[in-house]
Amino acid sequence: MKTDNQIIKSEFKELTEEEQSKFFELKRTEIEEKYGKLVPKGVKTHTIVLENGLGCILNHPKPHVLSKSLGALSGIGKDPDMYGAGNHIITNCWVAGDMEIQNNDDSRFACSIQALEMVEILQGQIKKN
């Protein structure tokens, strides 16, 4: 097995599945140490790391952000817009991160797709009385 340093310096696609998991763990720690001081205490955040090593910290989305993102995902009257939904989350929840994510279309797209994982909906049931 490769050392942590070897994993970080390797091409992501050349890593084993176990090494890829370790890569994300190492980079997540690096991003949180680099930018974590900008996160207010007690605020729920999410750290996104891409396979190119770029990452960012996002606030947990508020209901109005989730609502607009879900609207883009639903595609009512048109095709679902996964990029638009995730991009809305990034735009409204960005705390700190590698600016290449903000400035590079490919990195922003990849991060936007990952941001969709932040959309959590609690299951429920309704009964007509």
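In the predicted model, the hairpin of strand 1 and strand 2 has five residues between the strands, and within this hairpin Gly53 adopts a positive phi near 90°. The two strands of the hairpin, strand 1 and strand 2 (residues 55-59), are paired in the antiparallel sense through five bridges. Among the facing positions, Thr45 has Asn59 of strand 2 as its bridge partner, and Thr47 is placed opposite Ile57 in strand 2. Gly53 is also contacted by a residue of helix 2 (residues 17-35), namely Lys27. Beyond its neighbours in sequence, Lys27 touches Ile8 and Val49 as well as Gly53. Lys27 is buried, its relative accessible area being 10%.

The hairpin belongs to an open sheet of three strands, arranged in the order 1-2-3 with antiparallel pairing. Strand 1 (45-49) and strand 3 (94-97) form the edges, each pairing on one side only. On average, neighbouring strands of this sheet are turned by 20° against each other, direction ignored. Strand 2 and strand 3 are joined in the antiparallel sense over three bridges, and Ile57 stands opposite Ala96 in strand 3. Ile57 thus faces Thr47 as well as Ala96. Strand 2 is mostly covered, with four of its five residues buried.

Helix 4 (residues 82-93) packs on the sheet through contacts with strand 2 and strand 3, and the direction of helix 4 makes about 85° with that of strand 3. Helix 4 comprises 12 residues and spans 17 Å from its first C-alpha to its last, close to the 16 Å expected at 1.5 Å a residue. The buried residues of helix 4 are Ala85, Gly86, Asn87, His88, Ile89, Ile90 and Cys93. These buried residues pack against strand 2, strand 3, helix 3 (63-74) and helix 6 (105-115).

The axes of helix 4 and helix 6 approach within 7 Å and cross at roughly 90°. Helix 4 is therefore roughly perpendicular to helix 6. On the helix 4 side, the contact involves Met82, Tyr83, Gly86, Asn87, Ile89, Ile90 and Thr91, which meet Arg108, Phe109, Cys111, Ser112, Ile113 and Ala115 of helix 6. Of the contributing positions in helix 4, Gly86, Asn87, Ile89 and Ile90 are among the buried residues of that helix.

Cys111, one of the helix 6 residues that meet helix 4, is buried at 0% relative accessibility. Cys56 likewise counts as buried, at 0% relative accessibility. The structure nevertheless holds zero disulfides. Cys56 takes part in no disulfide, and the nearest cysteine sulfur, that of Cys111, is 3.6 Å away. Because a disulfide requires the sulfur atoms to be within 2.5 Å, the 3.6 Å between the sulfur of Cys111 and that of Cys56 is too far for a bond.

Helix 3, against which buried residues of helix 4 pack, contains Pro63. Pro63 is exposed, with a relative accessible area of 65%. The C-alpha atoms of Pro63 and Glu33 are separated by 28 Å, the two residues being 30 residues apart along the chain.

Key
Residues numbered from 1 in each chain as written. Predicted model: local features only at pLDDT ≥ 70, side-chain atom pairs only at ≥ 80, totals over all residues. Heavy atoms only, no water. Buried < 20%, exposed > 50% of the residue type's maximum accessible area, 1.4 Å probe, protein only. Contact = heavy atoms within 4.5 Å. Pairing = 2+ DSSP bridges. Axes fitted to C-alpha atoms, helices over the stretch in contact; angles between N-to-C directions. Expected span 1.5 Å × (residues − 1). Parallel < 35°, antiparallel > 145°, perpendicular 65-115°, else oblique.
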